[in-house]
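Me: I'm new to this structure and would love a close look at its open sheet. Could you walk me through the strands, and then what packs around them and elsewhere?

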Amino acid sequence: MTVREFLRVLWEGKYLVVGAVVLALAAAWVYADRKPEVFEATAVVQVNAVELGDSTTPAATTTSVDTDPGLVEAPGVLQAVAKAVAAGVDPKALAAQVSGQFDAGTQVMTITTTAGTPGGAVELANAVASAYVDSLPGVIDDQIAEIDARRDALRDQLDAVDEQVKSSPKDPLAGAERSTIIDQYQTLSASRSTLESIVTPAQVLTPATGSSAVVVGLPRISIVLLGALAGLAIGVGLALARRALDSRVRGRSDAAAAAGVPVLAELYGVTRAAKSYRRTPVLPISSRVASPFTESIRELRTALHVAMQDREHAVVVVTATDPHAPRPFIAANLAASWAMSGRATVAVSGDLRRPDLEDLLPRASGPGTDPDGLRSTQVPNLRFLALHDPTMDPADFLATDRVRAIVEAARDAGEVLVIDAPPVLAAADATILGAYADCVVLVATAGRTARNVLAEAAERLRINSVPLTGVALAGVKGDSRMVYASTYGEPVESEPADASAAAPAASPDPVTDPAGPASGAQAGPDDAAPAGPADDTPRPAPARDEAGPARPAAPPAPVRPPAFPPTGVRVATVAAPRAAGDEPPTPAQVAPTIGRLLRTARSS
């Protein structure tokens, strides 16, 4: 997945991302608001030790009171703390608030306590440190009692070995065992003497203070930020999962892979063009206003023109995958596009169940229906034909020889026959009409048509030997490139001013300037018109050459009507001044048509 595709997935799932971030922020804020603050305080206890023997010899050892960190949480210590600080509190509950850590290198016991307030944590830490120091003499007594018990056991072993030595004076094992027991006994006796010599086992080195109490855990702002990051991660994951589980057609590659045929055109802005048509019932393609939709229709027309292989009479069937696709609107604009390109076109309403095409191509003012059933529309070169028989089922009627003959006659009556067919999967009508066609266009909607539906519709057409040419993908959102392409050739704001500045100064025209020469500077002898017979036709003033005598001005260019070449683009020519009430075209009206002519010529 490229970065562009990833960003597009995020944009499509933006509501999931925003929702996840908002929910995570709300949850983090509630948690941070309801989470009780816990403060932590620390007290340091120095444990005293005594060295046995000379410290310079390897045999020197250090003896001190038992330094097990678990002694900080001993029941005796916690009972003393409960009496001193929190009277009536269960000592077992205090065990969760107290912990110890011993550093053998420095002989320091660090006592850490937690409480709901800074003062409570400090008081508890100092109380635990004092209770721990007070309990150490009792710990020494317990150690001495344990040493005495071990000495008594060694004494009993020594008596048994002495009996064995007496019975076997030359037994080397008995002698070695006796020496080991005596060494252990002497070591225990030395440790006992050292413990008895310790007067102060430990003292509080650094008591806890109010400034040393800190808040345990993350501050509120950190919790909220972590919640936002978690929500963002969850939202991105949901967006990616939604895209992975989404079976709808998303773009050109999805449509081509599902249908097995190329995408002839991506139709941009179909929804906006349909809304514009409902406001002003004029087909966008016939309004001659460039837009992403009209350029897409022309691109579709060009692709089908290539597929027709220069047939004199071609039949194009426009069908869709499902009833939701804007098929009639696309078929009407496609037929109008061919008609505006100068080709005699016939639009056929082949959907007998929903004949929407007839409403999109209203009758033109003038004669009624021709004998062959064709009627004119408001689009030049475009006629309309409706297939209808209320006495028969639509599929049965379309399969009759009568309909085949009607289609053949309509084919001969025009150069291009565009048939609007029902959805492929809704009825058999599309496959029946497709048998009469030279090209079949399958309309799908990006973001709405499922890939398996598009694949099934294309397969059904292929099974019935329908010439499926390609897919027209509607519902594609336009980008800046498409907008630029549709507006290419339009004049910029500075063009009219530049054109007027670059134009040479001309003498006033009596037709457009009733004031004549009198409106400017006083005319001289050289500016007078040559004598001649009097008539009512105004004559242009003669022009002068800087280096020579005056010469007659060129006559005004003849007025030419707008032309409609085969490309479907109206070419407006800059005409000479016209009579009053007939305004000439403005540069803004002429430039877009010229730009569209150039684009159509390049695409052809």
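Reply: Happy to! Let's start with the whole chain: of its 604 residues, 37% count as buried. Please keep in mind that this is a predicted model. The secondary structure of the protein chain comes to 19 helices and 17 strands. Among contacts between residues at least 6 apart in sequence, 75% join residues at least 24 apart.

Now to the sheet itself. It is an open sheet of 8 strands, and reading across it gives the order E8-E15-E14-E9-E13-E10-E12-E11. The pairing is mixed. As a reminder, strands of a sheet pair through backbone hydrogen bonds, either parallel or antiparallel. At the edges sit strand E8 (263–268) and strand E11 (375–376), each of which pairs on one side only.

A good strand to zoom in on is E10, residues 345–349. On one side, E10 runs parallel to strand E12 (residues 382–386), and 5 bridges join the two. You can pick out individual partners here: Thr345 is bridged to Leu382 of E12, and Val346 has Arg383 of E12 as its bridge partner. E10 is also joined to E13 by 5 bridges, and these two strands run parallel as well. There, Ser349 finds its bridge partner in Asp420 of E13.

How do the side chains of E10 point? Thr345, Ala347 and Ser349 point one way, while Val346 and Val348 point the other way, and all are buried. Because 5 of the 5 residues of E10 are buried, this strand is largely enclosed by the rest of the structure.

Next, look at the helices that lie on the sheet. Helix H10 lies across E8, strand E9 (314–320), strand E13 (416–420), strand E14 (439–445) and strand E15 (468–476). The direction of H10 is at about 165° to E8. Helix H16 (residues 451–463) packs on the sheet too, touching E14 and E15. The direction of H16 makes about 165° with that of E14.

H10 has a helix partner as well. When two helices pack, they are described by the angle between their axes and the distance between the axes. For helix H10 (residues 292–308) and helix H11 (residues 327–340), that angle is about 70° and the axes are 10 Å apart. H10 and H11 are therefore roughly perpendicular to each other. H10 passes H11 in a right-handed crossing. From H10, the residues making this contact include Phe293, Ile297, Leu300 and Leu304, and from H11 they include Phe329, Ile330, Leu334 and Trp338. Sorted by class, the contact of H10 with H11 has 9 nonpolar, 3 polar and 2 charged residues.

The loops around the sheet hold a couple of details to look for. Most residues other than glycine have a negative phi. Asn381, however, has a positive phi near 70°. You will find Asn381 in the loop between E11 and E12. With a relative accessible area of 44%, Asn381 is partly exposed. Ser465 has a positive phi too, of about 60°, although it is not a glycine. Its place is in the loop between H16 and E15. At 64% relative accessibility, Ser465 counts as exposed.

Away from this sheet, there is a hairpin to visit. Strand E4 (residues 98–103) and strand E5 (residues 108–115) run antiparallel and are joined by 6 bridges. Within the pair, Gln101 has Thr110 of E5 as its bridge partner. The hairpin has 4 residues between its strands, and Gln107 takes a positive phi near 55°.

Finally, turn to another pair of helices. Helix H2 (residues 14–34) packs with helix H7 (residues 220–245) at an angle of about 150°, with the axes 7 Å apart. H2 and H7 are therefore roughly antiparallel to each other. Their contact has 18 nonpolar, 3 polar and 3 charged residues. The crossing of H2 and H7 is right-handed. For a single residue to follow here, try Val21, which is in helix H2. Val21 touches Ala228, Gly231 and Leu232, leaving aside residues up to four places away in sequence. The C-alpha atoms of Val21 and Ile234 are separated by 8.0 Å, although these residues are 213 residues apart along the chain.

Terms used:
Residues numbered from 1 in each chain as written. Predicted model: local features only at pLDDT ≥ 70, side-chain atom pairs only at ≥ 80, totals over all residues. Heavy atoms only, no water. Axes fitted to C-alpha atoms, helices over the stretch in contact; angles between N-to-C directions. Parallel < 35°, antiparallel > 145°, perpendicular 65-115°, else oblique. Left-handed = near helix turned anticlockwise from the far one by under 90°. Nonpolar A, V, L, I, M, F, W, Y, C, P; charged D, E, K, R; others polar. Contact = heavy atoms within 4.5 Å. Pairing = 2+ DSSP bridges. Buried < 20%, exposed > 50% of the residue type's maximum accessible area, 1.4 Å probe, protein only.
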